[in-house]
Amino acid sequence: SQTKAIKGYLEAGNSITGMVALDRFGCWSLPRRILDLKEQGVVIDSQFIKLENGKRIKEYWMSFE
């Protein structure tokens, strides 16, 4: 499933944005998949990042502290 694939991607130490999720996993709704993972007890951090064109998007990652 997309949720499992995204979890594996994050567990490998990668961060993910909606654009990456769409490109790599065909996922149109990353916030929903992130919520699915959080409901499973996965700890995921996020922040807004600003793109070169001035748009702000959300980036997600797992903390391994």
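Buried residues make up 29% of the 65 residues in this chain, which is shown here as a predicted model. Its secondary structure amounts to three helices and three strands, and these elements follow the order α-β-α-α-β-β from the N terminus. The three strands form an open sheet with antiparallel pairing, in the order β1-β3-β2.

**Overall dimensions and surface**

- The radius of gyration of the chain is 11 Å, which agrees with the value near 11 Å that a compact globule of 65 residues would have.
- The C-alpha trace spans about 35 × 30 × 20 Å along its principal axes.
- The accessible surface of the chain is about 4,500 Å², and carbon and sulfur atoms account for 49% of this area.
- The chain carries 10 positive and 8 negative charges, and the mean positions of these two sets lie 5 Å apart.
- Of the contacts between residues at least 6 apart in sequence, 44% join residues that are at least 24 apart.

**The sheet**

- In the order β1-β3-β2, strands β1 (16–17) and β2 (44–50) occupy the edges; each has a single partner strand, so one side of each is left without a neighbour in the sheet.
- Strand β3 comprises residues 56–62 and is joined to β2 by seven bridges, the two strands running antiparallel.
- Strand β1 is likewise antiparallel to β3, and two bridges join this pair.
- A hairpin is formed by β2 and β3, with five residues between the two strands.
- Gly54 lies in the turn of that hairpin and has a positive phi of about 95°.

**Bridge partners in β3**

- Ile44 has Met62 as its bridge partner in β3.
- Ser46 is paired by a bridge with Tyr60 of β3.
- Gln47 has Glu59 as its bridge partner in β3.
- Glu59 of β3 also stands opposite Thr17; the residue therefore appears in pairings with both Gln47 and Thr17.
- In a regular strand, side chains alternate between the two faces of the sheet.

**Ile49, a residue of strand β2**

- Ile49 lies in strand β2, one of the edge strands of the sheet.
- The relative accessible area of Ile49 is 24%, so the residue counts as partly exposed, a class that lies between under 20% for buried and over 50% for exposed.
- Apart from neighbours within four places in sequence, Ile49 is in contact with Thr17, Lys55, Arg56, Ile57 and Glu59.
- Two of these contact residues, Thr17 and Glu59, also stand opposite each other in the pairing of Thr17 with β3.
- Ile49 and Ser1 are separated by 48 residues in sequence, and their C-alpha atoms are 27 Å apart in space.

**Thr3, a residue of helix α1**

- Thr3 is part of helix α1, which covers residues 2–11.
- Thr3 has a relative accessibility of 12% and counts as buried, because the cut-off for a buried residue is under 20%.
- Leaving aside neighbours within four places in sequence, the contacts of Thr3 are Arg33, Asp36, Leu37 and Gln40.

Technical notes. Residues are numbered from 1 along each chain as its sequence is written. This is a predicted model: local features need pLDDT of at least 70, side-chain atom pairs count only at pLDDT 80 or more; totals for chains, interfaces and linings use all residues. Side-chain values use heavy atoms; hydrogens and water are left out. Two strands pair if DSSP finds at least two bridges between them. Helices (H or I, at least four residues) and strands (E, at least two) are DSSP runs, numbered from the N terminus. The radius of gyration is taken over C-alpha atoms; the globule rule is 2.2 Å times the number of residues to the power 0.38. Buried means under 20% relative accessible area, exposed over 50%, partly exposed in between (1.4 Å probe, protein chains only). Contact means heavy atoms within 4.5 Å. Accessible areas come from the Shrake-Rupley method with a 1.4 Å probe; for residues, only the protein chains shown count as cover. Lys and Arg count as positive and Asp and Glu as negative; His and the chain ends are not counted. The place of a charge is taken as NZ of Lys, CZ of Arg, CG of Asp or CD of Glu.
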